[in-house]
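Thank you all for coming; I would like to take a few minutes to walk through a structure that may be new to most of you. Please have a look at it first, and then I will go through it part by part.

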Amino acid sequence: MSSTAPALVLIHGSWLGGWCWREVANRLASSVRVLTPTLTGLGDRAHLASAAIDPTLHVQDVLERLAIEGVDRVILVGHSYGSLVAHGLLDPLGDRLSAMVVLDGFLPQPGRSIFEQRPDIQQMLVPHRLADRPYLIAPPPPEHLGIDDPGVAAAVHQRLRPLPIGTHTVGLDFSAQRLARTPRSFIHCQRFGLLAAEADTAVQQGWRRIDLDAFHFPMFSAPDALVQVLASLCRD
């Protein structure tokens with residue numbers, strides 16, 4: 001891989017951690033530098049979960065990882081909630097950002113939270129707050145992960161961690177003009193309909209749309225197909 005090529009930064013979504021990208025990252029490592037930061041309060045940083053966690057903190061998580069790794073240019077991939085974090089990195093990264101990829105995620109509007117944009121998701125998630133820690137939302141059951149093998153689904157589910165609700169109640173400011181100047185792609189997981197409207201909107205807003213025959217967690221259910229798409233985007 002070229003030392004001047006941008007690094008691929010994979011930002012995980014709700015309930016996950018940097019661990020979720022392991023299989024995908026290993027397959028891409030021979031052709032591109034891959035970073036898989038874990039956001040505070042999730043994954044192996046779940047012990048830091050609190051009511052104060054919001055997307056701004058998660059933007060800082062990624063920036064600190066890039067600084068420590070000495071990364072200059074990047075391609076951002078934001079999965080699900082991670083797409084909000086990726087948008088929050090637009091202005092801090094500036095010209096260091098080579099491209100933006102949303103993997104079956106949200107198309108945030110500056111300053112608006114996910115719950116503000118999608119009240120239906122708020123209604124879906126809020127009832128699953130933990131009784132003893134209402135600032136956390138319980139993970140979905142194994143059967144909702146879209147993994148055909150029940151044993152694998154159960155194993156993945158054991159590694160999910162409750163989601164800090166502030167990730168969805170707080171928005172981020174970013175420059176819509178900078179976004180419009182950034183090469184950007186939307187990967188739509190066709191077997192998951194909750195974000196189909198976002199995929200359609202992405203096309204209307206000038207995003208390149210790529211349809212993937214997969215459920216919402218393709219790093220588990222369709223890693224080969226996801227690797228092929230990401231590798232192709234890195235070559236563009």
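Before I come to the pockets, a word on classes: Ala, Val, Leu, Ile, Met, Phe, Trp, Tyr, Cys and Pro count as nonpolar, Asp, Glu, Lys and Arg count as charged, and the others, Gly among them, count as polar. Please also keep in mind that this is a predicted model.

With those classes, the lining of the largest pocket divides into 15 nonpolar residues, 7 polar ones and no charged ones. This pocket has a volume of about 530 Å³, and of its 22 lining residues the closest to the centre are Trp15, Met124, Leu125, Pro140 and Leu194. Helix H6, residues 119–125, gives the most to that lining, with 3 residues.

The second largest pocket, at about 340 Å³, has a lining with 13 nonpolar, 4 polar and 5 charged residues. Nearest its centre lie Ile75, Leu233, Cys234, Arg235 and Asp236.

Let me turn to the sheet, in which 6 strands with parallel pairing follow the order S2-S1-S3-S4-S7-S8 and form an open arrangement, with S2 and S8 at the edges, each pairing on one side only. Strands S3 and S4 are joined by 6 bridges, and Gly78 stands opposite Val102 in S4. Helix H12, residues 223–235, lies across S1, S3, S4, S7 and S8, running at about 160° to S8.

Finally, where does Ser175 sit? Its place is in the loop between helix H8 and helix H9, and its side chain reaches the backbone nitrogen of Arg178 at 3.0 Å.

Definitions and conventions. Residues are numbered from 1 along each chain as its sequence is written. This is a predicted model: local features need pLDDT of at least 70, side-chain atom pairs count only at pLDDT 80 or more; totals for chains, interfaces and linings use all residues. Side-chain values use heavy atoms; hydrogens and water are left out. Helices (H or I, at least four residues) and strands (E, at least two) are DSSP runs, numbered from the N terminus. A polar contact is a pair of N or O atoms within 3.5 Å; within protein, one must be able to donate a hydrogen and the other to accept it, and residues adjacent in sequence count only if both atoms are side-chain atoms. Two strands pair if DSSP finds at least two bridges between them. Contact means heavy atoms within 4.5 Å. Axes are lines fitted to C-alpha atoms, for helices over the stretch in contact, and angles run from 0 to 180 degrees between N-to-C directions. On a 1 Å grid over the protein atoms alone, a cavity is a set of points where a 1.4 Å probe fits but cannot get out, and a pocket is an open set with protein on both sides within 12 Å along at least five of seven lines; lining residues have an atom within 4 Å of a point. Grid points are joined across faces, edges and corners, and a volume is the space filled by probe spheres set on the points.
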